[in-house]
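Let's take a walk through this one together. Have a look at the fold below, and then we'll go through it piece by piece.

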Amino acid sequence: MVKDLKTDVLVIGAGPAGSMTAKWAAKNGAKVLLLEKRQEIGSPVRCGEGMSKDWLTEVGIAPSMRWINVEVEGARIYSPSEKVLEINEKHAGNEVGYVVERDSFDKQLAIDAANAGAEVLLKTAATGILKENGKVVGVKAKAFGEPFEIRAPVTIGADGFESQVGRWAGLPTNLMLRDMDTCLQYRMTNVDCDVRYCDFYLGKVAPGGYVWIFPKADGLANVGIGVQVSQVQNPADARTYLDKWIAAHPAYAKGKTIDVVGGGVSISPPLKQTVTDGFMIVGDAARMIDPLTGGGIANGCIAGKICGEVAAKAVTANDVSKAFLMAYDQGWRARFEEKLYRNWLAKEKLVTLSDATFDKVIDALQGVKLEKLSVHNILKAVHDKYPEVTKEFEAFL
Amino acid sequence: MTGKKDLHIESSGQLCIYCGACVGICPLNCIYLDETRITFDERICTRCEICVKACPVGAIEIG
């Protein structure tokens, strides 16, 4: 029998959001347990591995060649007829950055958490939640298959897209079909890609999503697709669309796949509630993924820091009520909720556009000097050239 | 089983890549991913087939 455990702060899931939460809770004096169901943190990778970079300092992550594969200069957005909009670092601000080795990145964040004082338990899965008087007081767990209990005043769900802990705790994390992209990616070698850019292909090649090319060094690239589940017609559409796209692009058709990665990405508006008595939820589990870009690492880490700090404070104050933990809910909302909503609204519009409209939008932006890339600036440029296209978007202007 | 369709997940590794997409979308929280094993709770599953759509590789069959 494994012995039952007690801790101050219990974090379920050692992805970036979980490790950041554990690190910042430990740094602020709490006794922390970080649970990971896999035997190896960060593996297998379930990510496109593209990441912005301007938020790293804010949360105390030091860029390292151990996990940065290439540093890109910009992004290129391709319309259905493959007109290109190039967005450089100056215009995009934080939206471009690194293509990373996610397994190494996740391991580094777990190391940071451990070095800050957190205990890490591998091969340990949460199998249920413990509640007393309606309050979360820990989880039932299995370590190497053996059941035991962990009790903690503060439990945090950081169990990723397929989160169960949040639902057990009573938070409504359910997604509708339209709120999810089903994703598939091949890591390919022997492809002709430009390591200066992350490429995005929009339109019917990927209904309700996009095809991405995130370049890596030495002729490698992550070639992937996201398709909105409500637009899926047949099983395995993600694979069908991706294979079709690759076959139509000789620079990639000649490549060889050495790795297949799949997964779900939420494209929903943010959750209405992320705390309850004795419980908080963070990262992809809290549907913090940017619904426009599909990126989740930055928001997960930023929220993780706030979550860890609030958890430690709650333990110190001996108050783990929902009212106390609301400081976390308010903290992450103040930091990035508005952007999530804005990008969700933009995405809701984008998924309805025809290929012809996508072409006009990208065409209108050709040669336009955009000081800063914002939905407003883009729409203004499109309006100047194709006023009829922006009729439906007047709410944004 | 009482009139429910059979549920079959191809989880021998030939199709399923254990990505968890089905787990995240299941409205009843009745799909479990454990390393390289996916299981459904037959008692809860209503055969809504949402997971079939969410699977990127078409590994779930309800017939």
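In what order do the 6 strands of the open sheet in chain A run? The order is S9-S3-S2-S13-S20-S19, with mixed pairing; strands here are DSSP runs of E with at least two residues, helices are runs of H or I with at least four, and both are numbered from the N terminus. Two strands count as paired if DSSP finds at least two bridges between them. Before going further, note that this is a predicted model, where local features need pLDDT of at least 70, side-chain atom pairs count only at pLDDT 80 or more, and totals for chains, interfaces and linings use all residues. Residues are numbered from 1 along each chain as its sequence is written, while chains are lettered from A and ligands numbered from 1 in the order in which they are written.

Back to the sheet. Strands S9 (119–121) and S19 (275–276) of chain A sit at its edges with a single partner strand each, so one side of each has no neighbour in the sheet. Further in, S2 (residues 9–12) and S3 (residues 32–35) of chain A run parallel, joined by 4 bridges, and A:Val9 stands opposite A:Val32.

A:Val9 also turns up in the largest nonpolar core, a set of 137 residues in which A:Val9, A:Val11, A:Ile156 and A:Ala311 have the most contacts. Such a core is made of buried Ala, Val, Leu, Ile, Met, Phe, Trp, Tyr and Cys residues joined through C-beta atoms within 7 Å; buried means that 20 or more other C-beta atoms lie within 10 Å of the residue's own, with C-beta atoms placed from the backbone. The largest share of the core, 12 residues, comes from H8(A). Among the residues that A:Ile156 touches are A:Val9, A:Val11, A:Cys307 and A:Ala311, where contact means C-beta atoms, placed from the backbone, within 7 Å.

What about that helix? H8 of chain A covers residues 297–317, and 17 of its 21 residues are buried. Its end C-alpha atoms are 30 Å apart, which agrees with the 30 Å expected at 1.5 Å a residue, counting one less than the number of residues. A:Asn318 follows, with a positive phi near 55 degrees.

Now for chain B. Its elements run β-α-β-β-α-β from the N terminus on, and buried residues make up 38% of its 63 residues. The contact with chain A takes 19 residues from chain B and 23 residues from chain A. On the chain B side, helices H1 (21–25) and H2 (50–54) are the elements that give two or more residues.

Technical notes: A residue is buried if 20 or more other C-beta atoms lie within 10 Å of its own, exposed if 12 or fewer, and partly exposed in between; C-beta atoms are placed from the backbone. Two residues are in contact if their C-beta atoms, placed from the backbone, lie within 7 Å. Lists of a residue's contacts leave out its neighbours within four places in sequence.
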